[in-house]
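Hi everyone, thanks for coming. Have a look at the picture I'm about to put up, and then we'll walk through it together.

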Amino acid sequence: MNSFDKDVFRYYGAKESLKQRLFRPMELRYIRAFRKCQSTKGVLRIYYKLRLRSLSKKTHIQIPPSTKIGEGLYIGHCGTIVINPAATLGNNVNIAAGVTIGQENRGKRAGAPTIGNSVWIGANAVIVGNITIGDDVLIAPLSYVNFDVPPHSIVIGNPAKIIERENATEDYVNRKV
């Protein structure tokens, strides 16, 4: 099973049927083009880069092919998602509309975030700087995160506050691969 098949599993819980493949949601089309950009070479890679650019204009999702993203990526809805190419995302990450994962250019947190496994990022959340988000973290909608977050936590608010909780993403991050 390749990375895209694992992404599909996060959406459907099984392999894609012919009907699902024919009527694939735009988010999943974008993820497929993103994965193909990373795994192909030569003329085919150029085709998928052009496809990714076209889909980026339609979906308002901007994830450069050089971004390191683990298996089981789930994008909830199209709509202004921006991820810095230097960011690293783990396995089973959920991203909602309006999310920005960016870098800080100066100071002690200059750089881009590293996000762990089984992380749920709510709508319009902003994650910036050379920070580490642990595994099993739920980042609530409209949160601004520019500090390290320990595993098994909920981050909420602006300024953000950490609430420690085992199984923080239970029932949020489903169908883990």
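**A walk from helix 1 inwards**

Let me start with what covers the buried residues of helix 1: the cover includes helix 3, strand 3 (74-75) and strand 6. Before I go on, please keep in mind that this is a predicted model.

Which residues of helix 1 are buried? They are Phe4, Lys6, Asp7, Val8, Arg10 and Tyr11. Both ends of this helix have a detail to show you. At its start, a side-chain oxygen of Asn2 comes to within 3.1 Å of the backbone nitrogen of Phe4. Just after the helix, Gly13 has a positive phi of about 80°.

Helix 1 also takes us to the largest pocket. That pocket has a volume of about 330 Å³. It is lined by 17 residues, and the closest to its centre are Asn2, Ser3, Phe4, Asp5 and Lys36. So you meet Asn2 and Phe4 again here. Helix 1 and helix 3 each give at least two residues to the lining of this pocket.

Now to the inside. In soluble globular proteins, nonpolar side chains tend to be buried together. Here, the largest nonpolar core has 39 residues, and those with the most contacts inside it are Leu89, Ile95, Ile101, Ile121, Ile127, Ile133 and Ile139. At least two residues of this core come from each of helix 1 (3-12), helix 3 (26-39), helix 4 (42-59), strand 4 (81-83), strand 9 (119-121) and strand 12 (137-139). Which element gives the largest share? Helix 3 does, with six residues. There is also a second, separate core of five residues, among them Trp120, Ile154, Ala168 and Val173.

Let's zoom in on one residue of the largest core. Setting aside residues up to four places away in sequence, Ile133 touches Thr114, Ile115, Gly116, Val119, Ile127, Ile139, Val145, Phe147 and Val149.

Next, a residue in a loop. Asn92 sits between strand 5 (88-89) and strand 6 (94-95). Is Asn92 buried or exposed? Its relative accessibility is 4%, so Asn92 counts as buried. The side chain of Asn92 reaches the backbone nitrogen of Val177 at 3.0 Å. Not counting residues up to four places away in sequence, Asn92 touches Arg10, Glu71, Gly72, Ser118, Val119, Val173, Arg175, Lys176 and Val177. You'll recognise Arg10 in that list, one of the buried residues of helix 1.

For contrast, try Val126, which belongs to strand 10 (residues 126-128). Val126 counts as partly exposed because its relative accessibility is 24%. Leaving out neighbours within four places in sequence, Val126 is in contact with Thr100, Ser143, Tyr144 and Val145. Val126 and Val82 are 44 residues apart in sequence, and their C-alpha atoms are 9.7 Å apart in space.

Last stop, the cysteines. How many disulfides are there? The count comes to zero. Why does Cys37 not form one? The closest cysteine sulfur, in Cys78, is 17 Å from the sulfur of Cys37, which is too far for a bond, since a disulfide needs the two sulfur atoms within 2.5 Å. Their surroundings are worth a look as well: Cys37 counts as buried, at 0% relative accessibility, whereas Cys78 is partly exposed, at 29%.

That's my tour, and I'm happy to take questions.

Definitions and conventions
Residues numbered from 1 in each chain as written. Predicted model: local features only at pLDDT ≥ 70, side-chain atom pairs only at ≥ 80, totals over all residues. Heavy atoms only, no water. Helix = DSSP H or I, 4+ residues; strand = E, 2+ residues; numbered from the N terminus. Buried < 20%, exposed > 50% of the residue type's maximum accessible area, 1.4 Å probe, protein only. Polar contact = N/O pair within 3.5 Å; in protein donor to acceptor, adjacent residues only side chain to side chain. Contact = heavy atoms within 4.5 Å. Core = buried A, V, L, I, M, F, W, Y, C linked by side-chain atoms within 4.5 Å. 1 Å grid on protein atoms, 1.4 Å probe; cavity = no way out; pocket = protein on both sides within 12 Å on 5 of 7 lines; lining within 4 Å. Points joined across faces, edges and corners; volume = space filled by probe spheres on them.
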